Amino acid sequence: MSEEKQGPSSESYVEICHCCDMGVTLPTKPEPGKVYRCPRCGAVLIRAKEYSLQTVGIMALSALIMLFAALTQPFMTLEQFGVSNGMSLYNVLTTLRLDWGGLLYVFMAVTLFMPLVVLFLAVAVGLLGIKPTLFTLKTFSFCHRYCMVDVFIVGVLISLIKLTSLAHVSFHFGFFSAIIFSVMMAWCWMHFRPARLWDLRAHGHYHGALAGKSGYEQGLIVCRTCGAQYPGSENGAVCPRCGRVNHYRNPAAIQKTCALLISATILYLPSNLYPVMYTDLLGANSGSNIIDGVVALWNMNSRFVALVILIASIFIPILKILMLVFLVYNLKKPKEDRQGNRLVFIYRLVEYIGKWSMIDVFVVIIMSSVVRIGGLITINPGFAIVAFCAVVILTLISAEQFDSRMIWDRRGNCEQH
């Protein structure tokens, strides 16, 4: 993967890095189990494909079976003062439908619909040999990016800590099925990525690319949807593989990122000051915000869980905002004054931690759906959890609008193209 090599041989080709826009020479037949990275920014360009599509399809089918069991079988039972209340995951949907429709749509999208798209497509491609259509591939790419089953399961486990302080909890088959499903789903998510499916439709590499030069210098565009590289123009060009209109850099990336960050900052204050949930215990109603929940968990000696909630719900959102502001600020500096590798590391950290702030949203959803022991204890969501959910979504979108390739550009290139 030498940057000095200007032309590929018959045993190699040049790919434009999606992260820093540098042309990198890669082998036509990569070694099994080896991961190839960009020598400038460290982005993964070729992932090891150790498992066949058939193996992925079998795992996806098994995950669907576990999901069906988790949705239909009893999940857990709460007992307090001699009164018991059983629930299944279906109760979460019915409870939110009555009180908080917006939370219901977000919850169903990231924990049910999007994982189902990923799993059904894995079964269709891996076991049935069906070639995905263009619409299916675009839908899959979107769903793969935003499904949050792993975050939901962590939210379930944290909720159990809180539930045990309110009532006696008994677990049933649906609970264990959900845990097994989450592990299988995470495995399928890791080994069934969009790039693998896009290559089934058409090869996305441009054979005239040169190593050691940026795509912009060569007049090449990298598609932000499917990763294909092709000749571009100043006014943008249509991707021959997925049909998206792409530019050399994401147009008005700085303005979009800043606008979303301002919106997230405005909503961050009420999300932490107002109650995220209300607890009605024997007729006495009390509200608690995120900090109150952290303090309660700390006093229950659940200090690790308290730290997880504190980090995920307080520190991570504001940290994401500050890091994105820092990235935007550094783009105004001359290229010579930037530390590219450090800025790319910060950007990848923002991308990785982004969805984990949803833990507290899922905790409130689970608690308000489970704790409904008639006349004794009832928990309801508060407005702050809606504001907090909006903060998480806005910061996720702002990180997506930021174009990491601008880090390696001369000052002004990102605004002009």
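The nonpolar cores and the salt bridges of a predicted model are described below.

In soluble globular proteins, nonpolar side chains tend to be buried together. In this structure, the largest nonpolar core holds 123 residues. Within this core, C41 and F362 touch the most other members. Helix α3, which spans residues 101-126, supplies the largest share of the core, with 14 residues. The surroundings of F362 can be listed residue by residue. When neighbours within four places in sequence are set aside, the contacts of F362 are F107, V110, T111, M148, V151 and F152. A second core, separate from the largest one, consists of 6 residues, among them V14, A211, L220 and V222.

Side chains of opposite charge can pair when their charged atoms come close. A search of the whole structure gives 7 salt bridges. One of the pairs joins R224 to D403, with 3.7 Å between the closest N and O atoms. R224 is in the loop between β8 (220-222) and β9 (229-231), and D403 is in the loop between α14 (383-401) and α15 (413-416); the pair therefore ties together parts that lie 179 residues apart in sequence. The two partners fall into separate accessibility classes. R224 has a relative accessibility of 32% and so counts as partly exposed, whereas D403 has a relative accessible area of 2% and is therefore buried. Buried here means under 20% relative accessible area.

D403 also forms a salt bridge with R405, and the closest N and O atoms of this pair are 2.8 Å apart. R405 counts as buried because its relative accessibility is 2%. D403 is thus a partner of R224 and of R405.

A further salt bridge connects D409 with R249, the closest N and O atoms being 2.7 Å apart. This pair links distant parts of the chain, as D409 is located in the loop between α14 and α15 and R249 in the loop between β11 (245-246) and α9 (253-273), 160 residues apart. With a relative accessibility of 7%, D409 counts as buried. R249 is buried as well, its relative accessible area being 4%. The pair also belongs to a network of salt bridges, in which D21, R249 and D409 are linked.

The loop between α14 and α15 recurs in these results. This loop contains D403, the partner of R224, and also D409, the partner of R249.

Technical notes
Residues numbered from 1 in each chain as written. Predicted model: local features only at pLDDT ≥ 70, side-chain atom pairs only at ≥ 80, totals over all residues. Heavy atoms only, no water. Core = buried A, V, L, I, M, F, W, Y, C linked by side-chain atoms within 4.5 Å. Buried < 20%, exposed > 50% of the residue type's maximum accessible area, 1.4 Å probe, protein only. Helix = DSSP H or I, 4+ residues; strand = E, 2+ residues; numbered from the N terminus. Contact = heavy atoms within 4.5 Å. Salt bridge = Lys/Arg side-chain N within 4 Å of Asp/Glu carboxyl O.
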